[in-house]
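User: I would like to learn how to read a fold from its burial, its strand pairing and its core. Could you take me through one example, giving the general idea before the particular case?

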Amino acid sequence: MAVRHRLIKASPDVVWDVLADGTRYGDWVVGTASSEPKRGQWPQEGSSIGYEIRLGPFSLGNETVVRRCREKSVLELEARAGFLGTARIAIELREWGRHCLVIVDEHPLQGAGGTLHNSGFEVLIQLRHRTMLARLAGICEDGERDRARRPRGEEAAGHA
């Protein structure tokens, strides 16, 4: 089971806002070129986003479904990866002082991914998570800095 964590120097609200925007997955999920809402209201349970993976001249469309959501604290997803099968990806947010501790837990559920899962595959998932959490941190920490620079009341006035 690939479990990785990262302290993101942004509030859990800022991190949740990024996770709750299904159009932004391509910004931080490694291997995802683009994403868009497909079914339901992301990230409500049962909703999904479609995403595209590009490998050179080839592209593959897949879907990620929300299996469990506790707003601002837990998002559990089932990612479909074509012939590789499906994977469970659980993202937990914990308030850590003024910051957010993000814990990602991923493991295969069905298909070839589960059959082929071994320690070498685990290393690749860990490397992917390290990059993914670094991207997420960059987006969230930039958002936190932007939020801190806004004049008081601007967010409440609808200029966010």
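User: How should I read burial here, and what share of the residues of the protein count as buried?

Analyst: A residue counts as buried when its relative accessible area is under 20%. In this predicted model, 38% of the 160 residues meet that criterion. The protein exposes about 9100 Å², of which carbon and sulfur atoms supply 52%.

User: Which elements make up the secondary structure of the protein, and in what pattern along the sequence?

Analyst: The secondary structure comes to four helices and seven strands, and, read along the sequence, these follow the pattern β-α-α-β-β-β-β-β-β-α-α. As for contacts with a separation of 6 or more, 45% of them are between residues 24 or more positions apart.

User: How do I read strand pairing, and which strands are joined to β7?

Analyst: Two strands are taken as paired if at least two bridges are found between them. Strand β1 (residues 2–8) and strand β7 (residues 99–110) run antiparallel and are joined by seven bridges, with R6 standing opposite V102 in β7. Strand β6 (residues 86–96) also runs antiparallel to β7, through 11 bridges, and there I89 stands opposite E106. The hairpin of β6 and β7 has two residues between the strands, and G97 takes a positive phi near 65° in it.

User: Why would one look for a nonpolar core at all?

Analyst: One looks for a core because, in soluble globular proteins, nonpolar side chains tend to be buried together. In this model the largest nonpolar core has 29 residues, and those with the most contacts inside it are V15, L19, W28, I91, V102 and L136. At least two residues of this core come from each of α1 (12–19), α2 (25–28), β3 (48–55), β5 (74–80), β6, β7 and α4 (119–149), and the largest share, six residues, is supplied by α4.

User: What does W28 touch, leaving aside residues up to four places away in sequence?

Analyst: With those sequence neighbours not counted, W28 touches V18, L19, I91, M132, R135, L136 and I139. Three of these partners, L19, I91 and L136, are also listed, like W28 itself, among the residues with the most contacts inside the largest core.

User: Is α1 mostly covered or mostly open, and which of its residues are buried?

Analyst: Helix α1 is mostly covered, since six of its eight residues are buried, namely P12, V14, V15, W16, V18 and L19. Of these, V15 and L19 return us to the core, where they are among the residues with the most contacts.

Definitions and conventions
Residues are numbered from 1 along each chain as its sequence is written. This is a predicted model: local features need pLDDT of at least 70, side-chain atom pairs count only at pLDDT 80 or more; totals for chains, interfaces and linings use all residues. Side-chain values use heavy atoms; hydrogens and water are left out. A nonpolar core is a set of buried Ala, Val, Leu, Ile, Met, Phe, Trp, Tyr and Cys residues joined through side-chain atoms within 4.5 Å. Buried means under 20% relative accessible area, exposed over 50%, partly exposed in between (1.4 Å probe, protein chains only). Contact means heavy atoms within 4.5 Å. Accessible areas come from the Shrake-Rupley method with a 1.4 Å probe; for residues, only the protein chains shown count as cover.
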